[in-house]
Every structure is written in structure tokens, then in C-alpha cells.
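Welcome, and thanks for taking a look at this one with us. Have the sequence and the 3D view open side by side, and let the points below guide you around.

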Amino acid sequence: MSLLEITDLDVHYRRRTGRLHVLRSVSLSLSPGETVGVIGETGSGKSTLARTILGLVKASAGRIAIDGTDVASLKPRQWRELRRRGVVQYVFQDPLRSLDPDLTVLDSLAEPLRIQGAAGIRDKILKILARVRLDEALLDRLPGELSGGQRQRVAVARALITEPRLVLLDEPVSALDSANRVQVLELLKELRDAGTALLFISHDLGSVAGIADRIAVLYEGEIVEDRPSADVINAPVHPYTRKLIRSVPTLRRADRRTPEGIPA
Ligand SMILES: Nc1ncnc2c1ncn2[C@@H]1O[C@H](COP(=O)(O)OP(=O)(O)OP(=O)(O)O)[C@@H](O)[C@H]1O
């Protein structure tokens, strides 16, 4: 069974000037342990997709099922229950949005464990800090007292601490400098290798290409391609995907290989 199954999702925003149709008949599925990248340019609807999956934006049509539960009609209490079961967590581009500014690092990390009624909270926190390479001395700091890279690692640590089966990542490395970006991407790869399913949403094909099993390309609110990463990179079908690939210098032809490993 799919861990995440999105079927024919439509989302509109109401604006003073009328309705804006942002997602059109989007279908996407994620199996347990799979990493899927969603790539699209600014305004293509990526954040709307993430926010709709998390129940923060209401869909006008379609179905979203997480681990078999239809989440469209869940109430906040039921969402908390889903998180308590350790099924889904999330990391946004701006960690100040995924972290409570009034909670210390210690409390931010302890909160999901307390909700879960977990035992050995301090031990789990120390283990996760080591995993995301953060110093214990930061535990008493507030998010506003951390660097951007440290903050994002706290947000990743918080998302992982309950060992969720699915993590939604909306531009998780876009606000980071290149050293921090590499470190957080490495961390996400470790997570993928440990069997967590990741939905990695980004405008940056370069970040997603090295980690995703499959890439879905979102263009003007529609998924125009959804295939294994190597196929999308080596033989893009949609003109927009071709344009995207040309714009990423690190995906030079010599680096691109067919699924059999033969240079394209
Ligand atoms: N709350 C809202 N109300 C009205 N329109 C919105 C709202 N949020 C987003 N939009 C509009 O919906 C469209 C898609 O926005 P969305 O944030 O999903 O795009 P995105 O692909 O994540 O872009 P970016 O990469 O710039 O974050 C845009 O035209 C945006 O202006």
C-alpha cells in the first residue's frame, strides 16, 4: 500500500480578483521508504501542495491518503493523532515556521516525544543531536539565537525524533549556504537510507537529483512528468523539464548516465 496517495487534487485560492486555480488534477504516490522529488519553478504550486498534504490548505477536489487514512477532512486533533502515531513530519524552508520561537531547542525536541508519551526523552535527544551534528551546548537556546544552518538542523532533528515513516520537505536547503546545504542533504540521504520516505519539494533540481528515486515535475499546477530520476534527467520529455535540466550546470552530460550506467 502507498504511504502517501494523492489523487486528482485540485486547489483554488479565493482572491479579491476571483479564484486562482493553483493545483490541477495532481496525482502522486509514495511507497514506504521511497524518496520522491517534486520540482517546479516559483509559483508552480509546490508549497501549496505541501500545505494541502499537511491539512493547512483545503482542497477543492481530490483525495489525499496518508498511510490509508483520508486526511482531507481531519480535524486538528486528528492531525495531532496522526503525528503522534509517528507517521508524518515536515521541514519547511524557513525553520522559524516549523519551530516555535518561544521554545528552547531542548523543548522543541522534547515536545513531539512528550506527545507520543515516549520514555528516555533525554537519551533520544542526545542521540538525535549527535546525528544532526549539533552541540549539546545549544539545547538551552531559542531558535532566534541560532545560525540559519543550526536552526534547520534543529528542524530536521525535530522532524526525525519520533522516527516518522514520511517526512515532507519544502525547500529544506534553499535558505542555507553551500556548506550547510551539503550537510543537510547528507543528513537527508542518511534518513532515506534508513528507510524513511521523503517527499522533497524544491525549485532546485540540483539538490533533488542526487537523492530522489523519482522526480515529479510540477508546471503551472500540473504534474507534467513523474518518472525515475535517471530517466527524467537523461531523457526529459516535457519542454519545461528540458529547460530545467539545461539550467543546472552540475548535471553535465558526462555526469548523466542511463539506468544501465552508460554515459548518456
Ligand atoms: N494564501 C494564498 N492566497 C492566494 N494566493 C496564494 C496563496 N498562497 C499562494 N498563492 C498563489 O498561488 C500560486 C502558487 O503559490 P505557491 O506558494 O504554492 O508556489 P511555489 O511553487 O511554492 O512558489 P515558490 O517557489 O515561490 O515558493 C502563486 O501564484 C501564489 O501567488
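UniProt annotations may be inferred rather than shown by experiment, and their positions are given here in the numbering used for this chain. With that in mind, the unreviewed UniProt entry carries the annotation "domain: ABC transporter" over residues 6–245. Please remember that you are looking at a predicted model.

**Confidence**
- The chain has a mean pLDDT of 88, and 94% of its residues reach 70 or more.
- For the complex, the predictor reports an ipTM of 0.95 together with a pTM of 0.88.
- Residues 257–264 call for some care, as pLDDT stays under 50 there. The model has 12 contacts beyond four places in sequence for this stretch.

**Overall fold**
- You can count 10 helices and 10 strands in the chain.
- Along the principal axes, the C-alpha atoms fill a box of roughly 50 × 45 × 40 Å.
- The radius of gyration is 19 Å, which agrees with a compact globule, because a chain of 264 residues would then have a value near 18 Å.
- Buried residues account for 38% of the 264 residues.
- Of the contacts between residues at least 6 apart in sequence, 64% join residues at least 24 apart.
- Within the annotated span, residues 6–245, helix makes up 38% and strand 27%. The end C-alpha atoms of that span lie 26 Å apart.

**Around the ligand**
- The shell around the ligand holds 13 residues, and Tyr13, Thr42, Lys46, Ser47 and Thr48 come nearest.
- Three elements, β1 (4–15), β2 (18–30) and α1 (46–53), each supply at least two residues of this shell.
- Helix α1 gives the largest share, with three residues.
- By character, the shell divides into eight polar, three nonpolar and two charged residues.

**Helix α4 and its cover**
- Helix α4 runs over residues 105–116, and its buried residues are Val105, Ser108, Leu109 and Ala110.
- In general, residues three or four places apart in an α-helix point the same way, because there are 3.6 residues a turn.
- The cover over the buried residues of α4 includes α5 (121–131) and α6 (148–160).
- Glycine 117, just after α4, takes a positive phi of about 70°.

**Two strand residues to click on**
- Tyrosine 219 belongs to strand β9, residues 214–219. This tyrosine has 19 other C-beta atoms within 10 Å, and because a residue needs 20 or more to be buried, tyrosine 219 is partly exposed.
- Leaving aside neighbours within four places in sequence, tyrosine 219 is in contact with Gly40, Ser44, Val224, His238 and Tyr240.
- Leucine 23 is 196 residues away from tyrosine 219 in sequence, yet the two are 9.5 Å apart in space, C-alpha to C-alpha.
- Aspartate 70 sits in strand β5, residues 69–70. With 11 other C-beta atoms within 10 Å, aspartate 70 is exposed, because the cut-off for that is 12 or fewer.
- Not counting residues up to four places away in sequence, aspartate 70 touches Arg63 and Ala65.
- Aspartate 70 and isoleucine 6 are 64 residues apart in sequence and 9.8 Å apart in space, C-alpha to C-alpha.

Notes:
Residues numbered from 1 in each chain as written. Predicted model: local features only at pLDDT ≥ 70, side-chain atom pairs only at ≥ 80, totals over all residues. Helix = DSSP H or I, 4+ residues; strand = E, 2+ residues; numbered from the N terminus. Contact = placed C-beta atoms within 7 Å. Near = placed C-beta within 6 Å. Nonpolar A, V, L, I, M, F, W, Y, C, P; charged D, E, K, R; others polar. Rg over C-alpha atoms; globule rule 2.2 N^0.38 Å. pLDDT = per-residue confidence, 0-100.
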